[in-house]
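These are my notebook entries on a single model, set down in the order in which I looked things up.

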Amino acid sequence: MDKFAFIFPGQGTQFIQMGKSFYDQYAISKQTFEEASDVSGIDMANLCFNGSISSINEFSNMQLAILTTEVSIFRAYMEDYGVYPQFAVGHSIGEYAALVSAGAVTFRDAVKIMMKRGELVNGIIQKNIGHMAIIEQSDQKTIESCIKAANAEGSVFISCYNSNSQLAISGFNDKLDAVERLLLDKEALVSPLFSGPPMHSPIMNEICMEYLEFVNGFEFHPFHFPVISNYTGEPLSDPDQIARSLTYHLINPVLFIPALHLFRRYGVTATIEMSPKLLLSEFVKENLPEMKTYCYGLFQDKQKLDNLFTSDSNFVKDMPNFAGKCLSILASTENKNTNQNEYKEVIKIYDKIKEQYNASLGRNGVAKGEPQAELLTMLIEALQIKKLEPRKIRHCVKSLLDETNSFYYFENTLTAL
């Protein structure tokens with residue numbers, strides 16, 4: 001089977017009706033929209049499906065709409081296949097969805113962080129001091145020469161490295177206008193984003209400390225798979241580095257090209273864009289022509305993936321299910337209980353879960369109709385007998401619920417741990 005990387009796009013993904021087909025077809029996607037609404041106080045389904053173009057393009061709304069839609073699509077994918085990637089990478093706003101997909105940030109917390117980000121960035125927008133522009137049919141060297149020719153060094157910055165022929169620049173209005181004119185003279189295609197902030201540039205410095213302090217107030221979790229950081233262009237897998245990475249993300253360029261080069265280095269052969277429309281896949285094709293690309297939000301690509309996965313004899317066998325994941329956790333967690341009589345109870349619990357796993361296997365190898373509440377209770381009891389620290393038990397249970405899309409059924413259990 002191919003080695004996959006998930007890619008999550010950012011600004012430019014939004015449109016009216018985004019994510020509606022997933023909302024209508026998957027209970028988990030609908031629950032994702034409902035959770036976003038509960039946390040934000042905004043009716044996300046109404047915003048995405050029935051709102052106006054101006055409302056969905058408003059910066060704070062746009063961020064939440066993209067985050068919610070992409071997480072809902074990822075969760076639909078997990079419902080169908082449950083196969084984790086080698087890596088995930090998100091472009092700008094998409095990095096938050098990537099971190100949720102990797103289990104490092106809960107969706108609820110990501111919504112809260114995104115709301116704070118929107119509040120702080122809107123303060124910059126209201127000052128009207130700068131903006132961003134998309135530059136196509138040009139290259140890094142030409143853009144840098146135009147910045148220098150306009151005496152705009154320190155005022156205009158390359159803010160996104162998307163592909164060899166598309167970059168973004170951010171800067172103060174007057175200087176950025178001058179650079180844009182020079183680029184037009186060199187036959188570049190320039191698309192100013194006048195209503196947007198000068199993201200991913202030092203101009204955002206004034207909000208960084210407040211944002212970092214806010215993000216540091218959240219608990220982050222072990223990664224199910226690495227997320228390639230926009231800030232460093234390298235894999236991020238340490239929860240303690242998340243707040244710093246997201247903060248520096250505001251004032252440094254999006255290193256999407258270096259992220260793509262990592263795919264080749266680590267043997268990734270295909271990307272799945274977790275988006276309602278194709279966007280980043282075009283950059284993948286330009287930078288890595290040999291890479292297979294799919295967009296899970298497109299019906300025809302979804303069909304291709306369905307055929308791909310179900311034609312692999314190892315796929316069904318490896319598809320995660322609740323009982324199988326419980327067995328994996330019990331087998332892989334350290335035992336810190338030296339009392340052998342007590343530990344015998346762990347073995348009994350393991351055997352009980354295994355019995356239920358074997359009894360519930362369908363012909364195709366996927367467990368059906370599992371009594372999940374009973375299994376979860378047994379798992380927690382066994383982990384407590386093994387004397388795992390409460391924090392590690394919580395992480396184990398969260399991993400189980402993430403991988404099996406069961407978090408909405410057991411929110412109270414996880415909260416109580």
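**Entry 1: helix 6 and what follows.** I began just past helix 6, where G103 has a positive phi, near 80°. The model is a predicted one, and I read the backbone angle in that light. I then turned to the helix itself, which spans residues 94-101. Is helix 6 mostly covered or mostly open? I found it mostly covered, with eight of its eight residues buried. The buried residues are G94, E95, Y96, A97, A98, L99, V100 and S101, so that E95 is on the list by the cut-off for burial, under 20% relative accessible area.

**Entry 2: T106.** I next located T106 in the loop that links helix 6 to helix 7. Why does T106 count as partly exposed? Its relative accessibility is 23%, and the partly exposed class lies between 20% and 50%. Setting aside residues up to four places away in sequence, I noted that T106 touches V100, H221 and K398. I also looked up T106 against F218: the two are 112 residues apart along the chain, and their C-alpha atoms are separated by 9.7 Å.

**Entry 3: the largest pocket.** T106 came up again when I examined the largest pocket, which holds about 580 Å³ of space. Its lining has 27 residues, and those closest to the centre are T106, F107, K398, F407 and L414. Which helices supply at least two lining residues each? I listed helix 5, helix 6, helix 7 (107-127), helix 19 (390-403) and helix 20 (411-416). Helix 19 gives the most, with five residues. By class, I recorded 11 nonpolar, seven polar and nine charged residues in the lining.

**Entry 4: the nonpolar cores.** I then turned to the largest nonpolar core, which has 119 residues. Those with the most contacts inside this core are L67, Y77, I242, F263, M274, Y296 and I353. The largest share of the core, 12 residues, comes from helix 5, residues 59-80. I followed L67 further: beyond its neighbours within four places in sequence, L67 is in contact with Y96, A97, F107, A110, V111 and M114. Of these partners, Y96 and A97 are among the buried residues of helix 6, and F107 is one of the residues closest to the centre of the largest pocket.

I also recorded a second, separate core of 20 residues, which includes A133, I143, Y161 and A188.

**Entry 5: helix 12.** F263, named above for its contacts in the largest core, led me to helix 12, residues 256-265. Here I listed F256, I257, A259, L260, L262 and F263 as buried. Just after helix 12, G267 takes a positive phi of about 80°.

**Entry 6: the sheet.** What is the strand order of the open six-stranded sheet? I read it as 8-7-2-1-10-11, with mixed pairing. The edges are strand 8 (235-236) and strand 11 (292-295), each of which pairs on one side only. Strand 10, residues 270-273, runs parallel to strand 11 and is joined to it by four bridges. I noted that I272 has Y294 of strand 11 as its bridge partner.

**Entry 7: D24.** My last look was at D24, which lies in helix 1, residues 20-25. D24 is partly exposed, because its relative accessible area is 49% and exposed requires over 50%. D24 and F299 are 275 residues apart in sequence, and I noted 14 Å between their C-alpha atoms.

Terms used: Residues numbered from 1 in each chain as written. Predicted model: local features only at pLDDT ≥ 70, side-chain atom pairs only at ≥ 80, totals over all residues. Heavy atoms only, no water. Core = buried A, V, L, I, M, F, W, Y, C linked by side-chain atoms within 4.5 Å. Buried < 20%, exposed > 50% of the residue type's maximum accessible area, 1.4 Å probe, protein only. Contact = heavy atoms within 4.5 Å. 1 Å grid on protein atoms, 1.4 Å probe; cavity = no way out; pocket = protein on both sides within 12 Å on 5 of 7 lines; lining within 4 Å. Points joined across faces, edges and corners; volume = space filled by probe spheres on them. Nonpolar A, V, L, I, M, F, W, Y, C, P; charged D, E, K, R; others polar. Pairing = 2+ DSSP bridges.
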